[in-house]
Amino acid sequence: MKEIQLSNRLQAVVDLVSKGAKVADVGCDHAYISIYMIEQGIAGHVVAMDVNKGPLERAKDNIKEHGLNDQIETRLSNGIKELNPGEVNTLLIAGMGGPLMEEILSGNEEVLSNVSELVLQPQSEIAHVRKFVESIGFELEQEQMLWEDGKCYVMFKCVRKENVEKYGTELFYRYGKSLLEQKNVALLQYIQKEKDNAESIIEKLKLHPSQRTRDIMEEWKQTIQFCEEALRYYEG
């Protein structure tokens, strides 16, 4: 039996899960994360869920091979629709676009109201996801960011709070307050790359002057302003 080895991205996601949690691994694919969490003593119980039958069958085989049928349950489900209220206290969703992630979190209000922790790794619309989790009663407690295979990934842990302390500024929603305060190196590289890209696009747009290109240029100039404001956190 081969030991489960996670990528750096997935390891960073799993590291955010509170020890002993009852976890729903939403979009579990072949259940590698589910198996790893049990074998490493991170989770006490896991419901491994996927909307597709094929990956879920592979997940069942992998779970059986590792002798974890008593601790990992598989379930065919569109998002969290087939979860029962109180069955888990943590939702783990990784590797999905932000809008789909928000749709999943909105798909079963009873379940969500009984969850105390979200561990999320959205692939897009990061700023909007940060705002969304606040709107459903969760506060961003911990964030991580890293590069893997030329792509930047953000993951965060959100905890349920009665009075959510909001990020408050568009800069923080865009880049992550704690990441900026930590002077996260991956974020620094991301910001520098975003700034260089914006400047390059503006130079190209200057070659085709029109009202439309001027409007687009203003949007990219705003991006540069955000980048420059963020880069001040790394000074000194």
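**Figure 1. Tyr233, a partly exposed ring after the last stretch of helix H10 residues 211–231.** Tyr233 counts as partly exposed, with 29% relative accessibility. The model shown here is predicted. Tyr233 lies in the segment after helix H10. Its partner ring belongs to Phe172, in helix H7 (residues 170–175). Phe172 has 12% relative accessibility and counts as buried.

**Figure 2. The aromatic pair of Phe172 and Tyr233.** The chain holds 1 aromatic pair. Its ring centres are 6.3 Å apart, and its planes meet at 65°. Planes over 60 degrees apart count as edge-to-face, so Phe172 and Tyr233 form an edge-to-face pair. The two residues sit in parts of the chain 61 residues apart in sequence, so the pair ties those parts together.

**Figure 3. Two positive side chains over tyrosine faces.** Arg9 lies over the face of Tyr153. The distance to the ring centre is 5.2 Å. Lys131 lies over the face of Tyr173. Here the distance to the ring centre is 5.4 Å.

**Figure 4. Helix H2 and its cover.** Helix H2 spans residues 32–39. Of its 8 residues, 6 are buried, so the helix is largely enclosed by the rest of the structure. Which residues of H2 are buried? They are Ile33, Ser34, Ile35, Tyr36, Met37 and Ile38. Several helices and strands cover them. Helix H1 (8–14) and helix H3 (53–65) are included in this cover. So are strands S1 (21–26), S2 (43–50), S3 (72–76) and S4 (90–96). Just after H2 comes Gly41, with a positive phi of about 70°.

**Figure 5. Asn114 in the loop between H5 and S5.** Helix H5 covers residues 109–113, and strand S5 covers 117–122. Asn114 is found in the loop between them. Is Asn114 buried or partly exposed? At 40% relative accessibility, Asn114 counts as partly exposed. Beyond its neighbours within four places in sequence, Asn114 is in contact with Pro85, Gly86, Val88 and Asn89. Arg160 is 46 residues from Asn114 along the chain. The C-alpha atoms of Asn114 and Arg160 are separated by 9.6 Å.

**Figure 6. Gly176 in the loop between H7 and H8.** Helix H8 spans residues 177–181. Gly176 is buried, with a relative accessible area of 0%. What does Gly176 touch, leaving aside its neighbours within four places in sequence? Gly176 is in contact with Arg130, Glu143, Tyr167 and Leu171. Gly67 is 109 residues from Gly176 in sequence. Their C-alpha atoms are 39 Å apart in space.

**Figure 7. The setting of the close-ups: the protein chain as a whole.** The chain has 10 helices and 7 strands. Its C-alpha atoms fill a box of roughly 65 × 40 × 40 Å along the principal axes. Of its 236 residues, 49% are buried. Among contacts between residues at least 6 apart in sequence, 67% join residues at least 24 apart. The chain exposes about 12200 Å², and carbon and sulfur atoms supply 45% of that area. There are 28 positive and 39 negative charges. The mean positions of the positive and the negative charges are 3 Å apart.

Definitions and conventions
Residues numbered from 1 in each chain as written. Predicted model: local features only at pLDDT ≥ 70, side-chain atom pairs only at ≥ 80, totals over all residues. Heavy atoms only, no water. Helix = DSSP H or I, 4+ residues; strand = E, 2+ residues; numbered from the N terminus. Buried < 20%, exposed > 50% of the residue type's maximum accessible area, 1.4 Å probe, protein only. Contact = heavy atoms within 4.5 Å. Areas by Shrake-Rupley, 256 points an atom, 1.4 Å probe, with all protein chains shown as cover. Lys, Arg positive; Asp, Glu negative; His and termini not counted. Charge placed at Lys NZ, Arg CZ, Asp CG, Glu CD. Phe/Tyr/Trp six-rings, centres within 6.5 Å; stacked < 30°, edge-to-face > 60°. Lys NZ or Arg CZ within 6 Å of the ring centre and 35° of its normal.
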